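Got your viewer open and a hand on the mouse? Here is a walk through one protein chain, stop by stop.

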Amino acid sequence: MANNLMVAAAQLGPIAREEPRSSAVARMITLMTTAKNQGAQLVVFPELALTTFFPRWFMQDQAQIDSFFETEMPGPDTRPLFEAAIDLGVGFYLGYAELAEEKGQVRHFNTSILVDKTGNIVGKYRKVHLPGHREHEAWRQFQHLEKRYFDTGDLGFPTFKAFGGILGMCICNDRRWPETFRVMGLQGAELVMLGYNTPVHYPPAPEHDHLQDFHNHLVMQASAYQNGTWVVGVAKAGCEEGCDLIGGSCIIAPTGEIVAQCKTLGDEVIIHQCDLERCREIQSNIFDFAQHRQPESYQLITATKGVRKTV
């Protein structure tokens, strides 16, 4: 029996550094409305969807850094997005920079939330795999200072019972690490949402620049297949503050096939009817974890962080 969920990937074009959150939210509401008119029940937005990708700049003024973060969700600038979701009767995934005070300590996270059609936050994830570097590297064309501006996510890779299925979240660089999806796969994930901001140019290895779109789809398609889950990857794309970001936002079936893909580098919506029962084609067969996994042989994966040469 089919268990259909109409999912929209809502790609955003560039957001300028001076563009107010109200403008980004208005653009997202337009995309959400378009998605609803096409039958969407769940809309997935990109990573850090409310502002430009600020880790490309080296900043030392903490107040300046904190200006890119949200202290509440929803807040004054984001409440219209929640209200629009309620009016339209759709849910959404949103990536943003979160400033939280926990146990008397100020924390900064690259965060995503899952919001249901009543406007309630039903899931939260904080990015685990932070790429880039911590200190200013003047030789770079642009910086990638996520390790400087964000704390490592502390919520693990949870899944959430929502929208008639088991849903998970991750963010950008997380998609490159197979452990991300396997942890959610072991919880029976049926659909994983992820937003990303990925530059075309990778300063440490520019010889790979022409492979950025290929690698983006490679890791998501492989992870969808290896865990029998739908994957919805959504970009902030185009030339943002002089930095070219890849697009390629897509919806991937549990077989690893791309079933819908954006064609532009701007604001764009794609939609697909995701039958969550199709996960069983993979989860109950070639990747039947209970029948085929041998975890006693994988202990090195969690026992060490770096390479441990055995020969």
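We start with the whole chain and then select residues one at a time.

**The whole chain**

Before you click anything, keep in mind that this is a predicted model. Show the chain as a cartoon and colour it by secondary structure: there are nine helices and 14 strands to find. Turn it around, and the C-alpha trace spans about 60 × 55 × 45 Å along its principal axes. Does that fit a compact globule? For 311 residues, such a globule would have a radius of gyration near 19 Å, and the chain has 19 Å, so the two agree.

Now switch on the surface. About 13,700 Å² is exposed, and carbon and sulfur atoms supply 52% of it. Underneath, buried residues make up 52% of the 311 residues. Colour the charges next: the mean positions of the 28 positive and 36 negative charges lie 4 Å apart. One more thing about the fold: of the contacts with a separation of 6 or more, 70% are between residues 24 or more positions apart.

**Into the core**

Hide the surface and select Leu191 and Met193. These two have the most contacts inside the largest nonpolar core, which has 44 residues. What does Met193 touch, leaving aside neighbours within four places in sequence? Show side chains and you'll find Leu42, Val44, Tyr93, Leu114, Leu167, Gly168, Met169, Cys170 and Val232. Apart from the largest core lies another one, of 27 residues, and Ala35, Ala85, Val90 and Tyr96 are among them. In soluble globular proteins, nonpolar side chains tend to be buried together.

**Cys172**

Next, select Cys172, in the loop between strand 7 (165-171) and helix 5 (178-185). Is Cys172 buried or exposed? It's buried: its relative accessible area is 5%, and buried means under 20%. Leaving out residues within four places in sequence, the contacts of Cys172 are Glu47, Lys127, Leu194, Gly195, Tyr196, Asn197 and Thr198. Now try the distance tool on Cys172 and Asp61: they are 111 residues apart in sequence, and their C-alpha atoms are 26 Å apart.

**Three backbone stops**

Select Met73 and Pro74 and look at the bond between them. It's a cis peptide bond, with omega at about 0 degrees. Pro74 sits in the loop between helix 2 (62-66) and helix 3 (79-88).

Then pick Leu48, in the loop between strand 2 (42-44) and helix 2. Leu48 isn't a glycine, yet its phi is positive, at about 45 degrees. With 2% relative accessibility, Leu48 counts as buried.

Lys103 also has a positive phi without being a glycine, this time of about 55 degrees. Look for Lys103 in the loop between strand 3 (91-102) and strand 4 (105-115). Turn the surface back on for a moment: Lys103 has a relative accessible area of 90%, so it is exposed.

**Loops and their neighbours**

Jump to Phe163, in the loop between strand 6 (159-162) and strand 7. At 22% relative accessibility, Phe163 counts as partly exposed. Which residues does Phe163 touch, not counting those up to four places away in sequence? They are Leu5, Gln41, Leu42, Gly91, Leu114, Val115 and Asp116. Leu42 and Leu114 may ring a bell, since Met193 touches them too. For a long line across the screen, draw the distance to Glu19: the C-alpha atoms of Phe163 and Glu19 are separated by 33 Å, and their places lie 144 residues apart along the chain.Now go to Asp151, in the loop between helix 4 (146-149) and strand 6. Asp151 is partly exposed, with a relative accessible area of 27%. Add His108 to your selection: it is 43 residues away from Asp151 along the chain, with 5.5 Å between the two C-alpha atoms. Beyond four places in sequence, Asp151 is in contact with Arg107, His108, Phe109, Lys127 and Leu130. Lys127 is also one of the contacts of Cys172.

**Last stop**

Finish at Glu18, in the loop between strand 1 (4-11) and helix 1 (21-37). Buried or exposed, what would you say about Glu18? At 70% relative accessibility, Glu18 counts as exposed. Select Thr52 as well: Glu18 and Thr52 are 34 residues apart in sequence, and 8.4 Å apart in space from C-alpha to C-alpha.

Notes. Residues numbered from 1 in each chain as written. Predicted model: local features only at pLDDT ≥ 70, side-chain atom pairs only at ≥ 80, totals over all residues. Heavy atoms only, no water. Helix = DSSP H or I, 4+ residues; strand = E, 2+ residues; numbered from the N terminus. Rg over C-alpha atoms; globule rule 2.2 N^0.38 Å. Buried < 20%, exposed > 50% of the residue type's maximum accessible area, 1.4 Å probe, protein only. Contact = heavy atoms within 4.5 Å. Areas by Shrake-Rupley, 256 points an atom, 1.4 Å probe, with all protein chains shown as cover. Lys, Arg positive; Asp, Glu negative; His and termini not counted. Charge placed at Lys NZ, Arg CZ, Asp CG, Glu CD. Core = buried A, V, L, I, M, F, W, Y, C linked by side-chain atoms within 4.5 Å.
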